[in-house]
Amino acid sequence: MFVEMFQLLFTIVTIEAVLILTLGFGTPARRVVVKLLDLSKQGRAPLVAKTVAATMLVLFGSVMFSTIQIHTRVSESGGVANSTDQVMFANRLLEAFLMGTVLFLAMVIDRMHYYTRELQITRRNLEIAVKKGKTGA
């Protein structure tokens, strides 16, 4: 069960990192990614994305709570953890880290998409203003 979830989370982190790199550099793929992100923000897609993000946030909170419980149980027993608690703690910690990373990278992608769109609009407006300035002078 844990292996499949970790593979899924690592895959999502990798895809998000590729999207961030694509948005960060002016490559031909950037235009395609921006168009796809524009399409993903139309219709019901934002509602679905917010629902998934809220579900992941609740899961993140649950995993963090479970991690804190394990840590508290270990500290109450004198600081000595049995092997089961160590394995559960490590799995929960990795799961929490990956979920937090997925949520953070999703926010970074959203902001980079917004700023990329704003930059395109500003450049377009600047070109129009320059053309008007040349024809008016």
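**Figure 1. Arg-73 and Asp-85 meet in a salt bridge.** In this close-up, the closest N and O atoms of the two side chains are 2.9 Å apart. Keep in mind as you look that this is a predicted model. Arg-73 belongs to helix H3 and Asp-85 to helix H4, so their pairing ties together parts that are 12 residues apart in sequence. Are the two partners buried or exposed? Arg-73 is partly exposed, with a relative accessible area of 40%. Asp-85 is buried, because its relative accessible area is 12% and the cut-off for buried is under 20%. As a general idea to take along, side chains of opposite charge can pair when their charged atoms come close.

**Figure 2. Lys-41 reaches Asp-110 through a salt bridge.** Here the closest N and O atoms are 2.6 Å apart. Where does each partner lie? Lys-41 sits in the loop between H2 and helix H3 (45-76), while Asp-110 is part of helix H4, so the bridge ties together parts that are 69 residues apart in sequence. Lys-41 counts as partly exposed, at 38% relative accessibility. Asp-110 is also partly exposed, at 30%. With Arg-111 added to the view, you can follow a network: salt bridges that share partners join Lys-41, Asp-110 and Arg-111.

**Figure 3. Arg-117 and Asp-38 are joined by a salt bridge.** How many salt bridges are there in total? The count comes to 5, and the one shown here has an N to O distance of 3.5 Å. This pair links distant parts of the chain, with Arg-117 in helix H4 and Asp-38 in helix H2 (residues 28-40), 79 residues apart. Arg-117 counts as partly exposed, because its relative accessibility is 25% and partly exposed covers the range between the buried limit of 20% and the exposed limit of 50%.

**Figure 4. Tyr-114 and Tyr-115 form an aromatic pair.** A search of the whole structure finds 1 aromatic pair, and here you can see the two rings involved. Their arrangement is edge-to-face, with 5.3 Å from centre to centre and 65° between the planes. The angle earns that name because planes over 60 degrees apart count as edge-to-face. Which of the labels, exposed or partly exposed, goes with each ring's residue? Tyr-114 is partly exposed, with a relative accessible area of 38%, whereas Tyr-115 is exposed, at 53%.

**Figure 5. The charged end of Arg-111 sits over the ring of Tyr-114 and over the ring of Tyr-115.** From the ring centre of Tyr-114, the charged end is 4.7 Å away. For Tyr-115, the distance to the ring centre is 5.9 Å. You have already met Arg-111 in the salt-bridge network with Lys-41 and Asp-110.

**Figure 6. Phe-10, Leu-94 and Phe-97 make a nonpolar surface patch.** The patch covers about 300 Å². Phe-97 is found in helix H4, which spans residues 83-136. Phe-97 is exposed, with a relative accessible area of 56%.

**Figure 7. The transmembrane regions listed by UniProt, with a look at two of them.** An unreviewed UniProt entry lists residues 6-26, 47-69 and 89-109 under "transmembrane region". In the model, residues 47-69 are 100% helix and 0% strand, with 33 Å between the end C-alpha atoms. Residues 89-109 are likewise 100% helix and 0% strand, and their end C-alpha atoms lie 30 Å apart.

Terms used
Residues are numbered from 1 along each chain as its sequence is written. This is a predicted model: local features need pLDDT of at least 70, side-chain atom pairs count only at pLDDT 80 or more; totals for chains, interfaces and linings use all residues. Side-chain values use heavy atoms; hydrogens and water are left out. UniProt positions are given in the numbering used here, feature names are shortened, and annotations may be inferred rather than shown by experiment. Helices (H or I, at least four residues) and strands (E, at least two) are DSSP runs, numbered from the N terminus. Rings of Phe, Tyr and Trp (its six-membered ring) pair if their centres lie within 6.5 Å; planes under 30 degrees apart count as stacked, over 60 as edge-to-face and the rest as tilted. Buried means under 20% relative accessible area, exposed over 50%, partly exposed in between (1.4 Å probe, protein chains only). A charge sits over a ring if NZ of Lys or CZ of Arg is within 6 Å of the ring centre and within 35 degrees of the ring normal. Patches are made of residues with over 30% relative accessible area and no salt bridge: like charges are joined within 9 Å, nonpolar side chains (Val, Leu, Ile, Met, Phe, Trp, Tyr) within 5 Å. Accessible areas come from the Shrake-Rupley method with a 1.4 Å probe; for residues, only the protein chains shown count as cover. A salt bridge is a side-chain nitrogen of Lys or Arg within 4 Å of a carboxyl oxygen of Asp or Glu.
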